[in-house]
Amino acid sequence: MVFLLYKHHTRIIMSSSIELEIKQAIIDELDLDISTKDIDDEDYLLLGGIGLDSIAMIEVLVTIETKFDIYFEDYELLPENMVNVKTIAALVRNKRECLDK
(Lines give C-alpha, C1' and ligand atoms only; values in the text may rest on other atoms or scores of the structure.)
Protein backbone atom coordinates (compact mmCIF):
# COMPACT_ATOMS: atom_id res chain seq x y z
CA MET A 1 0.00 0.00 0.00
CA VAL A 2 1.29 3.47 -0.87
CA PHE A 3 0.66 6.40 1.43
CA LEU A 4 0.79 9.96 0.22
CA LEU A 5 1.88 12.48 2.80
CA TYR A 6 0.60 16.02 3.06
CA LYS A 7 2.31 18.53 5.31
CA HIS A 8 0.42 21.55 6.60
CA HIS A 9 1.07 23.58 9.72
CA THR A 10 3.66 21.04 10.88
CA ARG A 11 1.11 18.19 10.66
CA ILE A 12 1.68 15.22 8.41
CA ILE A 13 -1.44 13.26 7.49
CA MET A 14 -1.36 9.96 5.62
CA SER A 15 -3.94 9.91 2.87
CA SER A 16 -5.74 6.88 4.27
CA SER A 17 -6.28 8.76 7.54
CA ILE A 18 -8.38 11.32 5.67
CA GLU A 19 -10.94 8.65 4.86
CA LEU A 20 -10.82 7.37 8.46
CA GLU A 21 -11.42 10.87 9.87
CA ILE A 22 -14.37 11.36 7.51
CA LYS A 23 -15.83 8.00 8.50
CA GLN A 24 -15.40 8.81 12.18
CA ALA A 25 -17.15 12.16 11.70
CA ILE A 26 -20.10 10.34 10.07
CA ILE A 27 -20.26 7.77 12.87
CA ASP A 28 -20.14 10.49 15.52
CA GLU A 29 -22.73 12.66 13.79
CA LEU A 30 -25.24 9.83 13.37
CA ASP A 31 -24.33 8.32 16.76
CA LEU A 32 -23.83 4.97 15.05
CA ASP A 33 -22.72 1.87 16.93
CA ILE A 34 -20.28 0.75 14.21
CA SER A 35 -16.58 1.14 13.45
CA THR A 36 -14.91 2.92 10.57
CA LYS A 37 -14.29 -0.52 9.01
CA ASP A 38 -18.06 -0.90 8.56
CA ILE A 39 -18.24 2.06 6.16
CA ASP A 40 -16.87 1.50 2.68
CA ASP A 41 -15.24 4.45 0.93
CA GLU A 42 -17.86 4.17 -1.82
CA ASP A 43 -21.01 3.73 0.31
CA TYR A 44 -23.68 6.30 -0.58
CA LEU A 45 -23.88 8.77 2.31
CA LEU A 46 -27.26 10.42 1.96
CA LEU A 47 -30.71 9.08 2.73
CA GLY A 48 -31.15 5.69 1.17
CA GLY A 49 -27.50 4.96 1.91
CA ILE A 50 -25.79 5.49 5.26
CA GLY A 51 -28.54 7.92 6.16
CA LEU A 52 -27.10 11.42 6.35
CA ASP A 53 -29.72 14.09 5.84
CA SER A 54 -28.76 17.60 4.71
CA ILE A 55 -28.32 18.92 8.27
CA ALA A 56 -26.15 15.96 9.29
CA MET A 57 -24.06 16.38 6.13
CA ILE A 58 -23.43 20.04 6.98
CA GLU A 59 -22.39 19.08 10.51
CA VAL A 60 -20.05 16.40 9.17
CA LEU A 61 -18.51 18.93 6.78
CA VAL A 62 -17.99 21.44 9.60
CA THR A 63 -16.24 18.72 11.61
CA ILE A 64 -14.03 17.91 8.60
CA GLU A 65 -13.19 21.60 8.12
CA THR A 66 -12.11 21.82 11.74
CA LYS A 67 -10.09 18.58 11.75
CA PHE A 68 -8.21 19.41 8.56
CA ASP A 69 -7.97 23.19 9.01
CA ILE A 70 -9.71 23.89 5.70
CA TYR A 71 -12.80 25.79 4.57
CA PHE A 72 -15.25 24.60 1.92
CA GLU A 73 -16.45 27.36 -0.40
CA ASP A 74 -20.13 27.39 -1.35
CA TYR A 75 -19.33 26.43 -4.94
CA GLU A 76 -17.58 23.26 -3.68
CA LEU A 77 -20.64 22.01 -1.80
CA LEU A 78 -22.08 20.25 -4.83
CA PRO A 79 -23.95 16.95 -4.56
CA GLU A 80 -21.33 15.21 -6.72
CA ASN A 81 -18.65 16.16 -4.16
CA MET A 82 -20.64 14.64 -1.29
CA VAL A 83 -21.61 11.25 -2.72
CA ASN A 84 -19.37 9.10 -0.53
CA VAL A 85 -16.26 9.11 1.63
CA LYS A 86 -14.09 8.83 -1.47
CA THR A 87 -15.46 12.00 -3.09
CA ILE A 88 -15.25 14.00 0.15
CA ALA A 89 -11.67 12.79 0.71
CA ALA A 90 -10.74 13.91 -2.82
CA LEU A 91 -12.14 17.36 -2.04
CA VAL A 92 -10.19 17.50 1.24
CA ARG A 93 -6.96 16.48 -0.53
CA ASN A 94 -7.52 19.13 -3.18
CA LYS A 95 -8.09 21.81 -0.52
CA ARG A 96 -4.96 20.74 1.39
CA GLU A 97 -2.83 20.73 -1.76
CA CYS A 98 -3.99 24.27 -2.54
CA LEU A 99 -3.04 25.37 0.98
CA ASP A 100 0.42 23.83 0.65
CA LYS A 101 1.24 25.84 -2.49
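**Entry 1: Arg 96**

I began with Arg 96 and asked whether this residue is buried or exposed. Arg 96 counts as buried, because its relative accessibility is 0%, and the cut-off for buried is under 20%. I should record at once that the model is predicted. I then located Arg 96 in the secondary structure and found it in helix 3. Next I asked which backbone oxygen the side chain of Arg 96 reaches. The partner is the backbone oxygen of Phe 68, at 2.9 Å.

**Entry 2: the nonpolar core**

I turned to the largest nonpolar core, which has 22 residues. Which of its residues touch the most other members? I noted Ile 22, Ile 26, Ile 64, Ile 88 and Val 92. I then looked up the elements that give two or more residues to this core: they are helix 1 (15-30), helix 2 (54-68) and helix 3 (85-100). Helix 2 gives the most, with six residues.

I followed Val 92 further and set aside its neighbours within four places in sequence. Val 92 is then in contact with Ile 18, Ile 22, Ile 64, Phe 68, Ile 70 and Phe 72. Phe 68 thus appears twice in my notes: its backbone oxygen is reached by the side chain of Arg 96, and Phe 68 is also in contact with Val 92.

**Entry 3: Lys 23**

I found Lys 23 in helix 1. Its relative accessibility is 9%, so Lys 23 counts as buried. I asked which side chain makes a polar contact with the side chain of Lys 23. It is the side chain of Asp 41, at 2.9 Å. Not counting residues up to four places away in sequence, Lys 23 touches Thr 36, Ile 39, Asp 40, Asp 41 and Val 85. Asp 41 is therefore entered both as a polar partner of Lys 23 and among the residues that Lys 23 touches, at the 4.5 Å cut-off for contact.

**Entry 4: a patch on the surface**

I next examined the surface and recorded a nonpolar patch formed by Ile 55, Ile 58 and Val 62. Together these residues have about 270 Å² of accessible area. I looked up Val 62 in particular, which is found in helix 2. Val 62 is partly exposed, because its relative accessible area is 43%, and partly exposed lies between the cut-offs of 20% and 50%.

**Entry 5: positive phi values**

I checked two aspartates in loops. Asp 31 has a phi near 50 degrees, a positive value in a residue other than glycine. Asp 31 lies in the loop between helix 1 and helix 2, and with 70% relative accessibility it counts as exposed. Asp 69 also has a positive phi, of about 55 degrees, although it is not a glycine. Its place is in the loop between helix 2 and helix 3. At 42% relative accessibility, Asp 69 counts as partly exposed.

**Entry 6: the protein as a whole**

I ended with the overall description. How many helices and strands does the protein have? I recorded three helices and two strands, and along the sequence they follow the pattern β-β-α-α-α. Of the 101 residues, 35% are buried. I also looked up contacts between residues at least 6 apart in sequence, and 53% of these join residues at least 24 apart. The accessible surface comes to about 6,200 Å², and carbon and sulfur atoms account for 55% of it.

Note on methods. Residues are numbered from 1 along each chain as its sequence is written. This is a predicted model: local features need pLDDT of at least 70, side-chain atom pairs count only at pLDDT 80 or more; totals for chains, interfaces and linings use all residues. Side-chain values use heavy atoms; hydrogens and water are left out. A nonpolar core is a set of buried Ala, Val, Leu, Ile, Met, Phe, Trp, Tyr and Cys residues joined through side-chain atoms within 4.5 Å. Buried means under 20% relative accessible area, exposed over 50%, partly exposed in between (1.4 Å probe, protein chains only). Helices (H or I, at least four residues) and strands (E, at least two) are DSSP runs, numbered from the N terminus. A polar contact is a pair of N or O atoms within 3.5 Å; within protein, one must be able to donate a hydrogen and the other to accept it, and residues adjacent in sequence count only if both atoms are side-chain atoms. Accessible areas come from the Shrake-Rupley method with a 1.4 Å probe; for residues, only the protein chains shown count as cover. Patches are made of residues with over 30% relative accessible area and no salt bridge: like charges are joined within 9 Å, nonpolar side chains (Val, Leu, Ile, Met, Phe, Trp, Tyr) within 5 Å. A salt bridge is a side-chain nitrogen of Lys or Arg within 4 Å of a carboxyl oxygen of Asp or Glu.
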